[in-house]
Amino acid sequence: MTRNRKLLILPVLACVFMIGSSQAQLPPHPRQTGETGTPIEPTGDETRDRIARDMAKKANEERQLQLKKDTDKLLKLATELKDYVDKSNEHVLSLEVVKKADEIEKLAKSVKEKMKGPN
């Protein structure tokens, strides 16, 4: 490098160093610590918000678990319905087949509503 380029780089490096070191010395966020450096407890609003988020997360996890159980049951019922239909013929319609189809319909509707989530 030429001598002029070296002279141009030095002020840039000095500015970068000053900016970096000044950011490292910023005081902590006022909500994190008090004047004595002790941690400040969250306000009531922050605590309520955190609790609400935790409850919503827990509700979503439970809803997802219930959806999994319901869809497993739907698969089982649909398989049973297919078995009943395979065993029947065009002249015989079992009452069991109609009941199974109704049960599937109700469960499918329930799963659909759960998938939409809370309104």
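Trainee: Why is K100 called buried?

Mentor: In this predicted model, K100 has a relative accessible area of 9%. Buried means under 20%, so K100 is classed as buried. The residue is found in helix α3.

Trainee: Which residues does K100 touch, leaving out those up to four places away in sequence?

Mentor: K100 touches L77, E80, L81 and Y84. Contact here means heavy atoms within 4.5 Å.

Trainee: What makes A108 partly exposed?

Mentor: A108, whose place is also in helix α3, has a relative accessible area of 33%. Partly exposed lies between the limit for buried, under 20%, and that for exposed, over 50%; A108 therefore falls in the middle class. A108 and D70 are 38 residues apart in sequence, and their C-alpha atoms are 8.4 Å apart in space.

Trainee: How are helices α2 and α3 arranged with respect to each other?

Mentor: Helix α2, residues 44-87, packs with helix α3, residues 95-116, at an angle of about 155°, and their axes are 9 Å apart. Angles over 145 degrees count as roughly antiparallel, which means that α2 is roughly antiparallel to α3. In addition, α2 passes α3 in a left-handed crossing.

Trainee: How do the residues of the contact of α2 with α3 divide by type?

Mentor: They divide into 14 nonpolar, 3 polar and 8 charged residues.

Trainee: Which residues form the largest nonpolar core?

Mentor: That core has 8 residues: L67, L74, L77, L81, V97, I104, L107 and V111. Membership requires buried residues joined through side-chain atoms within 4.5 Å. Helices α2 and α3 each supply at least two residues of the core. In soluble globular proteins, nonpolar side chains tend to be buried together.

Trainee: What is I104 in contact with, leaving aside its neighbours within four places in sequence?

Mentor: I104 is in contact with L74, L77, A78 and L81. Among them, L74, L77 and L81 are listed in the largest nonpolar core, as is I104.

Trainee: What is the order of elements in the protein, and how many strands are there?

Mentor: The elements run α-α-α from the N terminus on. The protein has 3 helices and 0 strands.

Trainee: What share of the protein is buried?

Mentor: Buried residues make up 9% of the 119 residues. As for contacts with a separation of 6 or more, 52% are accounted for by residues 24 or more positions apart.

Note on methods. Residues numbered from 1 in each chain as written. Predicted model: local features only at pLDDT ≥ 70, side-chain atom pairs only at ≥ 80, totals over all residues. Heavy atoms only, no water. Axes fitted to C-alpha atoms, helices over the stretch in contact; angles between N-to-C directions. Helix = DSSP H or I, 4+ residues; strand = E, 2+ residues; numbered from the N terminus. Parallel < 35°, antiparallel > 145°, perpendicular 65-115°, else oblique. Left-handed = near helix turned anticlockwise from the far one by under 90°. Nonpolar A, V, L, I, M, F, W, Y, C, P; charged D, E, K, R; others polar. Buried < 20%, exposed > 50% of the residue type's maximum accessible area, 1.4 Å probe, protein only.
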